[in-house]
Amino acid sequence: MKIYGDAGSGNCYKIKLLCGLLDIPHEWVAVDIMAGGTDTGAFLRMNPNGKIPVAEFDDGRYLAESNAIVNYLARGSALLPDDPWRLAKVQE
Ligand SMILES: N[C@@H](CCC(=O)N[C@@H](CS)C(=O)NCC(=O)O)C(=O)O
């Protein structure tokens with residue numbers, strides 16, 4: 001899996017932190033938004049919304065939005081409770 005992001009951005013860093021906590025192997029691909037890194041055709045094909053972070057999975061799928069990414073990556077771990085209310089409170 002590749003994570004496109006900027007570690008100086010909280011939205012991106014939380015994914016890096018989660019991967020560290022759960023030992024999830026990944027390649028970090030630094031994207032400089034100030035240099036137009038999210039405005040390229042290649043980037044917009046991954047996320048038409050033009051924002052980091054984006055996760056690229058080995059099967060070619062992409063997932064944007066930091067909360068969607070962390071919820072997906074943390075599924076089945078102790079960080080996401082099974083109890084619906086406690087899960088909702090995490091997502092809150
Ligand atoms: N709701 C999005 C927000 C993502 C976001 O705002 N990313 C910023 C960096 S922190 C960005 O890519 N900005 C570039 C732009 O808007 O052109 C998420 O949580 O992932």
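**Figure 1. Where helix α1 meets helix α3.** In α1, the residues N11, K14, I15, L18 and L22 make contact with S66, I69, V70 and L73 of α3. By residue class, this contact is made up of 6 nonpolar, 2 polar and 1 charged. The model shown here and in every other panel is a predicted one. Two packed helices are described by the angle between their axes and the distance between the axes. For helix α1 (residues 10–22) and helix α3 (residues 66–73), the axes come within 9 Å of each other and cross at roughly 10°. Angles under 35 degrees count as roughly parallel, so α1 and α3 are roughly parallel to each other.

**Figure 2. A closer look at L18 and L17 on helix α1.** L18 has its place in helix α1. Leaving aside residues up to four places away in sequence, L18 touches V70, L73 and A74. Is L18 buried or partly exposed? A residue needs 20 or more other C-beta atoms within 10 Å to be buried; L18 has 19, so L18 is partly exposed. If you would like a distance to check in your viewer, try L18 and P84: they are 66 residues apart in sequence, and their C-alpha atoms are 21 Å apart in space. L17 is also found in helix α1. With 13 other C-beta atoms within 10 Å, L17 is partly exposed. From L17 to E56, a step of 39 residues along the chain, the C-alpha separation is 17 Å.

**Figure 3. The residues around the ligand.** Which residues should you pick out in this view? The residues around the ligand are S9, N11, I33, T38, G50, K51, I52, P53, E65, S66 and N67. Sorted by class, the shell holds 3 nonpolar, 6 polar and 2 charged residues. Two of the names return from the first figure: N11 belongs to the α1 side of the helix contact, and S66 to the α3 side. I52, P53 and E65, also among the residues around the ligand, come back in the next two figures.

**Figure 4. The cis peptide bond between I52 and P53.** Most residues other than glycine have a negative phi, and most peptide bonds are trans. The bond joining I52 and P53 is cis, with omega about 5°. P53 is found in the loop between α2 (41–46) and β3 (54–56). Both I52 and P53 are among the residues around the ligand, which makes this a handy view to set beside the previous one.

**Figure 5. Two residues with positive phi, D23 and E65.** D23 is not a glycine, yet D23 has a positive phi of about 55°. D23 has its place in the loop between α1 and β2 (27–30). With 6 other C-beta atoms within 10 Å, D23 is exposed. E65, likewise a residue other than glycine, has a positive phi near 75°. The place of E65 is in the loop between β4 (62–64) and α3. Is E65 exposed or partly exposed? With 16 C-beta neighbours inside 10 Å, E65 counts as partly exposed. E65 is also one of the residues around the ligand.

**Figure 6. D59 and G60 in the loop between β3 and β4.** D59 lies in the loop between β3 and β4, and G60 is found in that loop too. D59 has 6 other C-beta atoms within 10 Å and is exposed. G60 counts as exposed, with 6 C-beta neighbours inside 10 Å. Two C-alpha distances help you place this loop. G60 and M46 are 14 residues apart in sequence and 9.8 Å apart in space. For D59 and A42, 17 residues apart along the chain, the separation is 17 Å.

**Figure 7. Stepping back to the protein chain.** How many helices and strands does the protein chain have? There are 4 helices and 4 strands, and along the sequence they follow the pattern β-α-β-α-β-β-α-α. The C-alpha atoms fill a box of roughly 40 × 25 × 25 Å along the principal axes. A compact globule of 92 residues would have a radius of gyration near 12 Å, and the 14 Å of the protein chain agrees with that. Of the 92 residues, 16% count as buried. Among contacts with a separation of 6 or more, 50% come from residues 24 or more positions apart.

How values were computed: Residues are numbered from 1 along each chain as its sequence is written. This is a predicted model: local features need pLDDT of at least 70, side-chain atom pairs count only at pLDDT 80 or more; totals for chains, interfaces and linings use all residues. A residue is near a molecule or strand if its C-beta atom, placed from the backbone, lies within 6 Å of it. Ala, Val, Leu, Ile, Met, Phe, Trp, Tyr, Cys and Pro count as nonpolar, Asp, Glu, Lys and Arg as charged, and the others, Gly among them, as polar. Axes are lines fitted to C-alpha atoms, for helices over the stretch in contact, and angles run from 0 to 180 degrees between N-to-C directions. Angles under 35 degrees count as roughly parallel, over 145 as roughly antiparallel, 65 to 115 as roughly perpendicular and the rest as oblique. Two residues are in contact if their C-beta atoms, placed from the backbone, lie within 7 Å. The radius of gyration is taken over C-alpha atoms; the globule rule is 2.2 Å times the number of residues to the power 0.38. A residue is buried if 20 or more other C-beta atoms lie within 10 Å of its own, exposed if 12 or fewer, and partly exposed in between; C-beta atoms are placed from the backbone.
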